[in-house]
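Colleague: I should be grateful for a guided reading of this structure. May we take its features in turn?

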Amino acid sequence: MIQTTRRTDHALLRKIALLSIVALLVLKVIGVVMRGPSPIVLDAAEYWELAGRVADGDWLLTGAPIAYRTPGYTWFVGLFRMLSDQPLFALVCSQAVLWIATIGLTASMAVDLSGNRGAGWIVLATSTVMVSAVTYVSAILTETVFVFLIVFHLWAVIRHAKRPSAVLGLMVGLSLGLAILVRPIAMLIWIADGIYLSVSYTH
């Protein structure tokens, strides 16, 4: 009876701790969002201008010399310029959600790879004191979306290695394709994917 009560108390404390950490993360992101979008200058100004072309229907960006810039993030911003009356605020809120989702996926990967729930707690707790990463939420820059896509891709690869399925396989390919469209450097990740999956399947 006493052991059962202790287990219940420990489970309750874990839930309270988890809710507290999530609340801190959400409050931190809300604080950044409420400051408003970062100034639209340099790269941000270029993304904003190209996104305007997308909003006007030029999805292939045929009217702009962009041979050096992949279109993924431009399309992402363009959707908000096309669909929202307040595109900047909607974009910042969307990136805030992606940032929180990235933390959750990272914690999940830590648990999957280590087999220890404590690893997930370390990721969540550490995230509450991170400062620089969350500041990109309010900027018209690729960082938040790109990191989310890479982390989601790695999470899908790990899950697919454990329990292969068509759905997870589709997630692996789709997330990598989208990440490449945001930043071409992601195309090299398939090498690490192949090594990890090969090792996983042989053990």
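Colleague: Which helices each supply at least two residues of the lining of the second largest pocket?

Modeller: Please keep in mind that this is a predicted model. To read a pocket, one asks which elements form its wall. Here helix H1 (2-34), helix H4 (87-114) and helix H5 (117-127) each contribute at least two residues to the lining of the second largest pocket. The space in that pocket is about 240 Å³.

Colleague: Which residues line the second largest pocket, and how do they divide by class?

Modeller: The lining consists of Arg14, Lys15, Leu18, Ala107, Ser108, Val111, Asp112, Arg117, Gly120, Trp121, Leu124 and Arg159. By class, 5 of the lining residues are nonpolar, 2 are polar and 5 are charged.

Colleague: What is the volume of the largest pocket, and which residues lie nearest its centre?

Modeller: Its volume is about 310 Å³. The lining comprises 17 residues, and Gly72, Phe76, Val145, Leu149 and Leu178 are the ones nearest the centre. At least two lining residues come from each of helix H3 (72-83), helix H7 (143-162) and helix H8 (166-182). H8 provides the largest share, 7 residues.

Colleague: How many residues of each class are in the lining of the largest pocket?

Modeller: There are 15 nonpolar and 2 polar residues in that lining, and no charged residues.

Colleague: Let us turn to the whole protein. How many helices and strands does the secondary structure have?

Modeller: The count is 9 helices and 0 strands. Along its principal axes, the C-alpha trace spans about 70 × 45 × 25 Å.

Colleague: What share of the residues is buried, and what is the extent of the accessible surface?

Modeller: Of the 203 residues in the protein, 37% are buried. The accessible surface comes to about 11900 Å², and carbon and sulfur atoms account for 70% of that surface.

Colleague: How should one read contacts that span the sequence?

Modeller: One looks at how far apart the partners lie along the chain. Among contacts between residues at least 6 apart in sequence, 69% join residues at least 24 apart.

Colleague: Why might one look for a nonpolar core at all?

Modeller: The reason is that, in soluble globular proteins, nonpolar side chains tend to be buried together. In this model the largest nonpolar core has 31 residues, and Tyr73, Phe76, Val77, Leu91, Ile140 and Val145 have the most contacts inside it. Helix H2 (43-55), H3, H4, H7, H8 and helix H9 (189-201) each supply at least two residues of this core. H7 gives the most, with 11 residues.

Colleague: Which residues does Val77 contact, leaving aside its neighbours within four places in sequence?

Modeller: With those neighbours set aside, Val77 is in contact with Trp48, Ala51, Leu91 and Ile140. Apart from the largest core lies another, of 16 residues, including Ile21, Val29, Ala110 and Val123.

Colleague: Is Val167 buried or exposed?

Modeller: Val167, found in helix H8, counts as exposed because its relative accessibility is 54%, and the cut-off for exposed is over 50%. Its C-alpha is 29 Å from that of Leu83, a residue 84 places away in sequence.

Colleague: Is Trp190 buried or exposed?

Modeller: Trp190 lies in helix H9. With a relative accessibility of 53%, Trp190 therefore counts as exposed. Trp190 and Leu176 are 14 residues apart in sequence, and their C-alpha atoms are 8.2 Å apart in space.

Note on methods. Residues are numbered from 1 along each chain as its sequence is written. This is a predicted model: local features need pLDDT of at least 70, side-chain atom pairs count only at pLDDT 80 or more; totals for chains, interfaces and linings use all residues. Side-chain values use heavy atoms; hydrogens and water are left out. On a 1 Å grid over the protein atoms alone, a cavity is a set of points where a 1.4 Å probe fits but cannot get out, and a pocket is an open set with protein on both sides within 12 Å along at least five of seven lines; lining residues have an atom within 4 Å of a point. Grid points are joined across faces, edges and corners, and a volume is the space filled by probe spheres set on the points. Helices (H or I, at least four residues) and strands (E, at least two) are DSSP runs, numbered from the N terminus. Ala, Val, Leu, Ile, Met, Phe, Trp, Tyr, Cys and Pro count as nonpolar, Asp, Glu, Lys and Arg as charged, and the others, Gly among them, as polar. Buried means under 20% relative accessible area, exposed over 50%, partly exposed in between (1.4 Å probe, protein chains only). Contact means heavy atoms within 4.5 Å. Accessible areas come from the Shrake-Rupley method with a 1.4 Å probe; for residues, only the protein chains shown count as cover. A nonpolar core is a set of buried Ala, Val, Leu, Ile, Met, Phe, Trp, Tyr and Cys residues joined through side-chain atoms within 4.5 Å.
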